[in-house]
Amino acid sequence: MTAVAAPARRRSRLRAVPKVVWLFLLVPALVEVGMVFWPAVNSFYLSLTEWNGLGAAKPVGLANFRNLFSDDVFLGALKNNVVWAIGFGGLSVLGGLALAVALNRPRRGVGLYRSAIYLPMVFSLAVTGLFWRVQYQPDGTINTLLGAVGLDGWEKQWLANPDTALYAVLVAAVWRQVGYVMVLYLAGLKGTDPTLDDASAMDGASAWQRFRFVTWPQLRGVNTVVFAVTVIDSLRTFDIVWAMTQGGPYHSSELLSTYMFQQGFTFLNLGYASAIAVVIFALALVFIITYLIRATKEEAG
Amino acid sequence: MTAATLDPVRQDTVASGTPPNRKRRRWGFHAVMAPLAVIWVAPMVFVLMLAFRSFDDIAGRGTAALPTSFSLDGFREAFGRGEMGRALWISVQVTVPAVIITLLLASWAAYALSRFEIPGRRAILLTMLAGNLLPPQILLIPVSRVMESLGLYDTLVALIAIHVGFGLGFYTFVLYGFMRSLPGELTEAARIDGAGVVSIYARIIMPLCRPSLAALAALATTWIFNDLIWAITVLRTEAKLPVTAALLNLQGGYVSNWNVVAAASVIAAVPTAIVFFAFQRHFVSGLLVGSSK
Amino acid sequence: MISAPLSRRGFLAGIGGIGAAGLLGACATGSDSGSSAASSTLTLQSSLSDPDPKAALTKVVEGYTKTKTTLNTIAIETFRAQLPTYLNSGNPPDVLTWYAGSVARDYASKGFLLDVSDMWTGNGACANFSPALKELSTANGKQIFVPTNYYWWGVFYRKSMFQQWGVQVPTTWDEFITVCKTIKSKGAAPITMGTGSTAWVASGWFDYLNLRINGAEFHRDLLAGKHPFDGPEVKAVMDHYKQLLEFIDPKGRSYSWQDAVTPLASKKAGMYLIGAFITSAVPADVVDDLDFFQVPIIDPSVPVAEEAPTDGYFASAKSKNPAGAKDLLSYLASAPAQQQFIQLAKSSNLPTSTQVDTSTFSPLVQKGIKMLGEAKGLTQFFNRDSSDELQTTADTALTKFLDKPGDVNAILTEWQASAKKVLGS
């Protein structure tokens, strides 16, 4: 990822890879194969079967995948997942980046603000869901506050209304995630060269210009991590939706992960659930591969 | 908590003797940040208040009302019948070894991939990262079968193993970026002095990676400590459940006892909060992923 | 690949080649020796995580001294999801809590449940249970379930509030609607119903209206897919349901069933059609004021049926100690254990054993026993009479109906389509 260090590194590398290095690679790789990939292969196989968790799985070919695309709940969940990926990913990355830039330079109060923003991260997603469920109750904090400032017309049953349920959960998820992304970007910003920024400020560059042309290009490394984390988290989102709405009311806040869990563990349609998982995995892979190909090209060019 | 957030702001604006233009900008900064911080902290303050209210107060006046009671019943119940104390200790027993083993193994893999010409190393790295993209829900059944065939089902070792396996990809990816950014001259000199591959790893690379490892350790702690789904997959004995699963049990039983659930949530968050704040300094230098410094 | 993909050997083979896995295995044998000695102890896996029932079962299990028994309580959601894993594991829990109905039969047909037929004959622990209970516990001609308690559903209300509002307990549909109107005119919500995180509560009214209008026979056939959900019978049910909508507290759509008890307890709502387990969710000072009435009769020519969901235990077929498991089941089914559990759990459940002296039970429970005794037919509940998957189609249809009653025809058509998918598979 860095062009600067490349020549030096090439010199330092041993021509033949020592045996012990293979061991260094093999042990972790095999642990991951055993704990992750081998079960995954089983799941991929399961997506081609009909299985209820007991006895033998019955191979059915691609029938599960064919059924998926005539399943309205699945298609709705797919659409919600797009909304979720854009809303959750977009808001937490933009919010996190904006806050990181705002809170980057040391000044009075910055430590407190930073702490306030990333404190939610210490709570598990299930607990976060629980917190917010209380706030969203019909007589909860949010409606009470709206009433207090004279906006009674806006009071809603946030989680019971199919038009608002998904977004209500989204707000809670973003509330927790923003601090996390901010921390990552703060780390990235510390790695940028402040003299460049100061120099361009002397040259009369506006704040936006300095960010766009000086800071942003230096954040490429951290962007990769933020991107990977955001895609992983948005496609795997489960606990918080499960804790707040369980995908309801009538599937309006259903995501692929919650639908998969319901199919797999409430209905024991494990073959069908595995097919949904394969779709999630494929989507994540498309995102990541597209990005990495671009990143690699940039690096090469 | 709210007051603490606001106080320094007020002092700051009063005491500053800076030129009017910068002063105005500072005002603007605090005018935006202070309310934002309050909004961010508000839900947590709210839960904290809920945890200290009595059951009758909540049942009679609703969850949104300002507290008129102060009671430790929520905490007493959470530690007593909810057995949060035992669950916390279990979580520590899982989290500490899991974090150490994962980071150790990830640093091995990252070292091998970043400092040596291993064929297809980029593909290996991406494949390992891809493992992290798998939605965990669907691996639940196969994973519990794997654990069983290893004779590990319903042991804490199983939970540690699965956390190690599932974290490796991401940590390797981050450490790889960090190690690649270390200048080659450092190891070159040691190599010429006759240091072996292992001693270069142990004496040069690992110490240099300390900030990155610290940052990842903090992240890993919050992830592993807050995990729910793997815990309930590979464990079935109540006495072995970590804190998040114990909290779930508690929610099932105390659904209308908001003070107990809130108290337990607060208890569950304290250890991660401590770790996070203890390590927060390292974040600034720890995640410089491949940046050209 | 007939049964191969997930057999233990398959996993072993896949894992066997991995050195690291062996390493982990070695650690495990050193650190955990408890699981191999399972045959000398028994494990009871329980989903009763509510404080009172959990404490009650703990006490009951402590009373069993023949074999050391460990009680494991896991929240119901997790328990349900992990049940196949529990039963499939090489060293499964010996005895598990569950309920009577189609799910238990499903597991039995796969051979995962211990045949306990001998407990139902001679001087077995279940020999004196009613024939209806026996039928409920039977799969493929064998008994696989041990029912230990059951409960009733009814319209719960506060006696003092009915007095204050000046309304009488209704026995017909018209009287019921009049009561609703009166309560509404006094500024309270006539009916509370928590269909937010517990959407299945909405099926309570559906089940009962169907039982009252079309009868138990039709209800069972409907859930078995022998009648369509968009036929005229179900439309008649929904017409009656629609009459209730203006009386149901709309905030209930955000509540769980427990949250929805609060308006009833705090006098903001009048009535709640729910199971007898409601008594464990009301504050102690309200319990004595709580009473219930039978869901009013709509068509007197339809034989009166009631919901009577039955809970109990089954044992794993793979138990290392089947004789011990049966002995534990016999103990749990015995009259003293049933009585002890019911009293400690404060849940108003009824014993399945005829030898339990119910005269010391509260008047409310006596009334429940009497109502079920007079019923001409008994059903379980929507999901227990069908499946959890069909229950989800009902949840979708009914919560949507609560929001958009005008779309009832479209909703029923959709319901029928999704029910067909579930039942067809």
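Trainee: Is the crossing of helix 9 of chain C and helix 10 of chain C left-handed or right-handed?

Mentor: In this predicted model, the crossing of helix 9 and helix 10 of chain C is right-handed (the near helix is turned clockwise from the far one by less than a right angle; anticlockwise would be left-handed). Helices here are DSSP runs of H or I, at least four residues, numbered from the N terminus.

Trainee: Which residues make that contact?

Mentor: Helix 9 of chain C contributes C:Asp207, C:Asn210 and C:Leu211, while helix 10 of chain C contributes C:Gly215, C:Ala216, C:His219 and C:Leu222. Residues are in contact if their C-beta atoms, placed from the backbone, lie within 7 Å.

Trainee: And by class?

Mentor: Three are nonpolar, three polar and one charged (Ala, Val, Leu, Ile, Met, Phe, Trp, Tyr, Cys and Pro count as nonpolar, Asp, Glu, Lys and Arg as charged, the others, Gly among them, as polar).

Trainee: At what angle do the axes cross?

Mentor: The axes of helix 9 (residues 202-213) and helix 10 (residues 215-223) of chain C cross at roughly 130° and come within 6 Å. Axes are lines fitted to C-alpha atoms over the stretch in contact, with angles from 0 to 180 degrees between N-to-C directions. The two helices of chain C are therefore oblique to each other (neither under 35, over 145, nor 65 to 115 degrees).

Trainee: Changing topic, which domains does chain B have?

Mentor: The assignment, automatic or from a database, gives domain 1 (2-77) and domain 2 (91-288) in chain B.

Trainee: How many residues are in contact there?

Mentor: In chain B, 13 residues of domain 1 are in contact with eight of domain 2. On the domain 1 side, helix 2 (20-51), helix 3 (55-61) and helix 4 (73-79) of chain B each supply at least two residues. That side divides into seven nonpolar, three polar and three charged residues.

Trainee: Where is confidence lowest in chain B?

Mentor: Confidence is lowest in helix 1 (residues 2-15) of chain B, with a mean pLDDT of 36, and highest in helix 5 (residues 84-115), at 94 (pLDDT is the predictor's confidence in each residue, from 0 to 100). Chain B averages 80. Over residues 1-17 of chain B, pLDDT stays under 50. Where pLDDT is low, predicted coordinates should not be read in detail.

Trainee: Any conventions to note?

Mentor: Residues are numbered from 1 along each chain as its sequence is written, and chains are lettered from A and ligands numbered from 1 in the order in which they are written. Local features need pLDDT of at least 70 and side-chain atom pairs 80 or more, whereas totals for chains, interfaces and linings use all residues.

Technical notes. Contact = placed C-beta atoms within 7 Å.
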